[in-house]
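Colleague: Before I use this model, I would like to hear the reasoning behind some of the labels attached to it. Could you take me through them, one at a time?

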Amino acid sequence: MDSLIQTINKLQDVFAVIGDHKIDLPQIVVVGSQSSGKSSVLESLVGRSFLPRGTGIVTRAPLILQMIRYSKEERDAMLKITKNDNIKSWASFLHRPGIIYDNFDEVRYEIEYQTDLLAGANKGITHEPIVLKVFTLLYDLTFVDLPGITKVPVGDQPEDIDEQIQELILKYVQQPNSIILAVVTANTDPSTSESLKIAKKIDPKGKRTIAVVTKLDLIDKGTIQDTTDLLCGHKIPVKLGIIGVVNRSQKDINDNKSMNETLKSEREFLRSNYPDICKKHGNKVLAKTLQDILIKHIKKTYPILYKNLKDTKTRLENELKTLRTPDSNVAFVLDLLKNVCKSYCDTIIGNRRDVSDKIVMGGAKITDIINTNYLEEINNIDPLHNLTDEQIGIILLNTAGINSSSFVNEKALEIMIFRQLKNLLDPSITCVNNARTEMLKIFDCIDENILETLKRFPRINSDVRNVLHKMLDDNLNNIKEFIKSYIETYQTCLNTTNENFLSQLVKSSTKMQESFNTAYMSNPRGDSRKKNVGSDEDEKKEENLKIQHFKLMLSGLNDLDDTIETSLQVKIHRQLTRCYFEFIREIIGDFVPKRIFHKMVKLILEDFEHNLDELVFTPYVINRSFDEVLVEEDGVIEDRNRVQKMLDAVNKALTNMDDIQSY
């Protein structure tokens, strides 16, 4: 079972070399305030004094501490280097391969030196870890020791040092596979413990938190019962247990008290002060408990970690494909252009397999802009916007001039309809612009791998985008002008005898019909309507008769203007304007989307590949500029090396994990 921990150690080695990564490894993360006894706990577990000490922030880099119960092979390898058979435990650093440390004071100096190298000498911190392996006969354990929590910067510490430390701690404890080892001092109120606050915030149910209570020897004798309640779990809600320990005091350190003597003193102290629970506490119990917890946790999270590594491998392999160097420049560019075109067109017509379930995009977005947003906007336009009854009356008088205004004033009607139809122009032109903008946005929604490959080569990327811009812009003004001319045609060329308009006028102009029929129109059919009220045929005939009456009225072939009232004329012209606007709006609302689809969207779908070939690929061939255009964007080589390095690490990690599949 111990090989499970050693396998995780190997994975830590692999990914520590990579640096920043998203692989969530099972590990014990040690969290505690400054002077909480965190370092003493780790040294007691290791059995050697090796951690830097002093005032302020001593630990300024994550220290991945791997305790390894060494094998005969590992000891033999050490002897080949040191030739010293007296060494019982030793250490090595991942950043100093091949160097053996049997003097643990030198281990401390190397930690301090490497910390200054990574974090600087000004008391700042770094996220880059130091990996320390301690080979021992004790146990297999792995810890991540983090900077002690502090609230107030001291000396030349950065002003935001507390935020920096919090960020670093959260980076590790937020990982679901981490066990939180919260160090709490017995001589302070647990409710004020910063380590417990962090643990409770990240792990509110305490499922992956174990608490270690230090400084039991510093509490007042009268509070032993309170401490007993604390150690029995009555005050700290954690599921993995609470273990009290007694470590070396500063005096013990100054007096060079050995670890064995410290463990003996601890046993005597616990037996004397906590006789009922002494066997459940102490550093040896802590080590055994942590080892059991870590092994169980690794077994529990192993399948998830394995799947995560497999998924990461697939992702990195796909990413590496987009960063590959071409075998044939000509074939590579040709394939790239074809793939760009196909993915762009597929995105518009909805042929993508990796279709989004989060946002509306591609052709669906264009349809939404044209058929939904545009039609909603023009349908919300008031046909009589900024045209009051008073304005209509004035227009009627002014267009009549020195003559009396006729029943239907053609000139006034033309002016009012011209004004109102103008309100359809801006939304129609805006719709064209929005469609063009979306056509450009779609390009950034094509297949991610293709897009990333294209972005590697700034020259090709720019040339391809310029072709799309040119195709859209070449037709943009023509589409706008055609739509503008189309609307102007209806503004200046009224056709009030159109059967569809007249039919719509009959159905929508109830008040006007009633006024006109009552005052001026006779019924040549007598009382026939009353006899056949429910007859569909008679209703159709009646509608046709009204159409003929309106046709006579609107063509000026009537002599009723001598008796018509101006107020009635205003109502008639207002209704005619409204009805004609609605009639033309329906026509425009049908025409504009069709024009955009025909002269913009369809044109791109049909000609994009041809234009890429003619305006991009062919000039490359003629000018023999493939080497020039395939110059990669700054940083691509670094990205390729980074991805390859990460992929190698994942493959190595998977190999290590395959070795213990039986567990």
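Colleague: What makes both faces of strand E3 count as covered?

Modeller: In this predicted model, Trp90 and Ser92 on one side of E3 (residues 90-93) and Ala91 and Phe93 on the other are all buried, and since buried requires under 20% relative accessible area, both faces are called covered.

Colleague: How do you know that E3 and strand E4 (residues 130-136) are paired?

Modeller: Pairing asks for at least two bridges, and four join E3 to E4, which run antiparallel; one of the positions involved is Ala91, whose bridge partner in E4 is Val134.

Colleague: Why are E3 and strand E8 (242-244) said to stand at the edges?

Modeller: The eight strands form an open sheet in the order E3-E4-E2-E5-E1-E6-E7-E8, with mixed pairing. E3 and E8 each have a single partner strand, so one side of each is left without a neighbour in the sheet. From one strand to the next, the twist averages 25 degrees.

Colleague: What makes strands E1 (residues 27-31) and E6 (residues 178-185) a pair, and in which sense do they run?

Modeller: Five bridges link E1 and E6 in the parallel sense, against a requirement of at least two, and Ile28 has Ile179 as its bridge partner in E6.

Colleague: How do you know that Arg595, in helix H22 (residues 566-623), has no salt bridge?

Modeller: A salt bridge needs the charged atoms within 4 Å, whereas Glu481, the nearest side chain of opposite charge, is 11 Å away from Arg595, which is buried. Leaving aside neighbours within four places in sequence, Arg595 is in contact with Ile479, Phe482, Ile483 and Met600.

Methods. Residues are numbered from 1 along each chain as its sequence is written. This is a predicted model: local features need pLDDT of at least 70, side-chain atom pairs count only at pLDDT 80 or more; totals for chains, interfaces and linings use all residues. Side-chain values use heavy atoms; hydrogens and water are left out. Buried means under 20% relative accessible area, exposed over 50%, partly exposed in between (1.4 Å probe, protein chains only). Lys and Arg count as positive and Asp and Glu as negative; His and the chain ends are not counted. Contact means heavy atoms within 4.5 Å. Helices (H or I, at least four residues) and strands (E, at least two) are DSSP runs, numbered from the N terminus. Axes are lines fitted to C-alpha atoms, for helices over the stretch in contact, and angles run from 0 to 180 degrees between N-to-C directions.
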